[in-house]
Amino acid sequence: MNVKTATLESVPFASEKRAASNASSRNGNAPEDLNSSVIVEGELLPDIHQPLEPTPMLPPADIESEEVRYDPEANTAYYRQRPFQVAVRFLRIFVPFFTFSFGLWWDSRTGTNDRKQRQQAVQLREMLTRLGPAFIKVGQAVSTRPDLVPPIYLEELAKLQDQLPPFDNAVAYQFIEEELGSPPEEIYAELTENPIAAASLGQVYKGKLKTGEVVAVKVQRPGLAQGIALDMYILRQLAGLIQKNVKRVRSDLVGIMDEFAARIYEEMDYNHEGRNAERFAKLYGSLPDIYVPKIYWGYTGRCVLTMEWITGTKLTQPEAIRAQGVDASHLIDVGVQCSLRQLLEYGFFHADPHPGNLLATPEGKLAYLDFGMMSEVKPPQRYGLIEAIVHLVNRDFEGLAQDYVKLEFLTPDTDLTPIIPAFAAVFSEALGASVAEINIKSITDQLSALMYEYPFRVPAYYALIIRSLVTLEGIAINVDPDFKVLSKAYPYVAKRLLTDPAPELRASLRDLLFKDGSFRWNRLENLLRNARGNSDYDLSQVVDQTLDYLLSERGELIRYYLVDEIVKGIDTLATSAFNRFSDSLGEQFGLTLNRSPISADNQKALDHIRRIWGILQDSRGFDPTKILPVVPRLVFNPQAQQMGQKIAGGLAQRAVARFIREFLLTEETDSGSDFPASPSLPINQPRLSPARQ
């Protein structure tokens with residue numbers, strides 16, 4: 001495919017001009033009034049009083065360009081030569097925002113704020129609508145946060161998802177003819193006379209192909225690209241001014257704006273959206289209860305997209321979903337699990353999951369729509385996020401500080417000494433008593449407070465990730481006010497830690513389970529308990545992955561610590577069994593036998609082992625017979641043989657030490673001997689290079 005790098009002004013706007021001109025001449029009058037109501041599946045779209053504001057037409061572009069990409073430097077160079085156009089647009093943005101903000105301030109001073117909330121909400125929605133797609137996107141994000149804005153505002157801002165003013169049908173039909181080569185009536189067997197939904201970048205018609213498939217036909221708005229180009233230039237310049245002159249702001253605001261603009265550019269290319277949909281279906285379409293619509297490429301172009309029609313209900317209408325016999329809470333959990341795989345497993349994620357793009361189908365599946373705004377998380381960032389979640393949940397704030405360096409929130413030369421206690425102070429409050437108390441909003445709010453005090457910066461890639469998570473959490477809160485994303489996420493993270501062979505996660509697991517030379521049984525118990533709650537957790541896979549790592553060079557340090565723990569565990573079990581046998585003999589024959597003492601630490605470890613065994617028995621995939629194929633691997637593996645020899649040696653040492661203590665040194669022990677009850681193993685800790693550690 002011929003791909004050309006272009007600025008927004010180089011989108012083929014000439015076709016938009018022709019479509020509008022031809023439509024007007026064919027009708028003999030100007031395009032129809034955009035304020036008229038539109039029929040949507042037997043209902044009327046609300047009357048939106050203000051149409052989207054038209055923008056000045058940019059010069060025609062290379063019509064042969066098949067793909068448009070964001071070039072911030074070229075866009076900046078173009079608009080620097082047009083200061084008057086920029087000034088006019090800036091005033092059109094600034095004046096409404098200033099007027100609205102002043103009105104809110106005045107109403108709060110006069111005490112009329114509560115009574116005028118509905119009017120204010122309508123005013124905000126109309127203002128964002130007039131300002132165009134970039135600002136509509138902001139309104140869509142806010143419309144999913146019932147914890148941030150009042151219900152009246154949510155109700156109005158929700159109309160920005162798919163109830164914006166439509167544009168002239170004749171223009172849309174002309175677009176279809178120019179993109180697909182024939183008039184709509186020759187392409188489709190049926191096509192609704194009016195759009196059934198209108199969003200920020202286009203409007204949707206319901207149709208039927210001549211082969212019988214019911215489809216959704218999305219047609220792009222005319223004059224769209226040039227408005228976005230100008231807005232992105234203005235917002236980018238403002239971001240640069242703030243970044244340069246406000247010392248407390250250390251984040252890459254310009255980079256964040258460039259990332260946002262690049263995603264919108266991609267969203268304006270429906271061919272790109274179609275490819276995104278197919279990639280999304282390949283990666284996540286096989287997950288339980290996830291549905292991705294089919295793309296019909298023979299009926300798709302840069303400005304027209306034809307995809308499978310999905311009948312469904314927005315997730316923000318839980319009562320309507322439940323009325324169909326579908327569990328809305330289950331679908332929220334499905335969405336969270338899918339998002340975790342998007343962000344932490346494959347990295348290709350839906351960056352615009354507002355309620356208009358997530359539907360509950362009558363069959364009980366979660367359908368994803370609108371794949372225009374997608375983004376990617378690179379492998380180092382994915383592993384860094386998993387490590388950060390682990391350290392956060394386990395309150396390892398030193399590890400969390402190091403994670404923020406890896407994730408590029410802090411530079412490598414940053415002094416972490418004052419930041420670690422700051423993390424402890426801030427996040428301890430956000431975490432509450434357990435993982436179930438954690439939510440994304442509390443974490444981001446607390447982190448924002450630290451951003452001003454310490455040299456944090458927000459990397460550009462992170463902005464879309466947090467927008468996606470916060471939006472999803474907002475939808476979830478609408479269904480269940482007590483919903484906590486992280487409490488649903490940790491079982492998946494625990495599963496990944498136990499099964500993923502990636503060196504980064506193996507190292508995280510090692511650091512999690514071992515500290516200061518001791519094994520933390522409670523952490524393993526917590527991991528296993530959480531992991532078994534994940535839908536695709538398989539215990540046999542955990543065993544295989546654990547052995548692969550344990551018997552590799554990278555597992556040398558864990559083998560060193562594990563030998564000691566196995567020796568202590570077997571010794572404790574044997575001592576416990578001997579004590580039970582002694583008690584039984586004593587009761588049966590009236591004998592008094594000496595009991596071998598079990599230290600408090602060993603007893604605690606024994607209790608952990610018993611609980612862990614119970615967790616394993618309750619886990620999906622537990623089958624003792626599956627252990628048999630593992631035996632040959634352990635018998636013939638050199639590393640396993642060395643472990644066996646060290647374990648046998650350690651048990652022999654303990655047996656000899658116990659015999660000497662209990663039978664030969666009774667008097668010395670009674671007189672205060674310091675002979676240890678459980679001698680440490682004389683095994684030299686291996687010296688490992690950083691790579692092998």
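Let's start at Leu 315, which, leaving aside residues up to four places away in sequence, touches Ile 321, Leu 331, Ile 332, Leu 358, Ala 360, Leu 366, Ile 475, Asn 478 and Val 479. Keep in mind as you look around that the model is predicted. Leu 315 is one of the residues with the most contacts inside the largest nonpolar core, a set of 134 residues. Others with that distinction are Phe 280, Leu 344, Tyr 404, Phe 423, Phe 456 and Leu 527. Helix α18, residues 460-479, gives the most to this core, with 11 residues. A second core of 15 residues is separate from it and includes Tyr 188, Val 215, Val 217 and Tyr 296.

Now step back to the whole chain. The protein chain has 27 helices and 15 strands, and 51% of its 693 residues count as buried. If you take the contacts between residues at least 6 apart in sequence, 73% of them join residues at least 24 apart. On the outside, the chain exposes about 32500 Å², and carbon and sulfur atoms supply 55% of that area.

Part of that surface deserves a visit of its own. Phe 90, Leu 91, Phe 94, Val 95, Phe 98, Phe 102, Trp 105, Trp 106, Leu 238 and Leu 241 make a nonpolar surface patch of about 1000 Å². Helices α3 and α9 each supply at least two residues of the patch, and α3 brings the largest share, with 8 residues. Phe 98 is one of the patch residues, and its place is in helix α3.

The charged side chains come next. Side chains of opposite charge can pair when their charged atoms come close. How many salt bridges does the structure hold? There are 14 salt bridges. One of them brings us back to the two helices of the patch: the side chains of Asp 231 and Arg 89 meet at 2.7 Å, N to O. Asp 231 lies in helix α9 (residues 224-245) and Arg 89 in helix α3 (residues 83-110), so this pair ties together parts that are 142 residues apart in sequence. Are Asp 231 and Arg 89 buried or exposed? Both are buried.

Another salt bridge joins the side chains of Asp 370 and Lys 218, at 3.6 Å from N to O. This pair also links distant parts of the chain, 152 residues apart: Asp 370 sits in the loop between β12 (366-368) and β13 (374-376), while Lys 218 belongs to strand β6, residues 214-220. Asp 370 and Lys 218 are both buried.

For a pairing within one helix, turn to Glu 319 and Arg 322, whose side chains meet in a salt bridge at 3.1 Å, N to O. Both lie in helix α12 (residues 318-323), 3 residues apart, about one turn of the helix. An α-helix has 3.6 residues a turn, so residues three or four places apart point the same way. Glu 319 counts as exposed because its relative accessibility is 58%, and Arg 322 is partly exposed, with a relative accessible area of 34%. Elsewhere, salt bridges that share partners join Glu 73, Arg 236 and Asp 258 into one network.

Helix α4 offers a neat geometric check. Its 15 residues, 117-131, should span 21 Å at 1.5 Å a residue, and the end C-alpha atoms are 21 Å apart, which agrees. Which residues of α4 are buried? They are Gln 117, Gln 120, Ala 121, Leu 124, Arg 125, Glu 126, Met 127, Leu 128, Thr 129 and Leu 131. Just after α4, Gly 132 takes a positive phi of about 105°.

Positive phi values also turn up away from glycine. Asp 289 has a phi near 65° and is found in the loop between α11 (270-284) and β7 (290-291). With a relative accessibility of 24%, Asp 289 counts as partly exposed. Glu 408 is not a glycine either, yet it has a positive phi of about 75°. Glu 408 lies in the loop between α15 (397-406) and α16 (419-431), and its relative accessibility of 43% makes it partly exposed.

Key. Residues numbered from 1 in each chain as written. Predicted model: local features only at pLDDT ≥ 70, side-chain atom pairs only at ≥ 80, totals over all residues. Heavy atoms only, no water. Helix = DSSP H or I, 4+ residues; strand = E, 2+ residues; numbered from the N terminus. Expected span 1.5 Å × (residues − 1). Buried < 20%, exposed > 50% of the residue type's maximum accessible area, 1.4 Å probe, protein only. Salt bridge = Lys/Arg side-chain N within 4 Å of Asp/Glu carboxyl O. Contact = heavy atoms within 4.5 Å. Areas by Shrake-Rupley, 256 points an atom, 1.4 Å probe, with all protein chains shown as cover. Patch = residues over 30% accessible without salt bridge, like charges linked within 9 Å, V, L, I, M, F, W, Y side chains within 5 Å. Core = buried A, V, L, I, M, F, W, Y, C linked by side-chain atoms within 4.5 Å.
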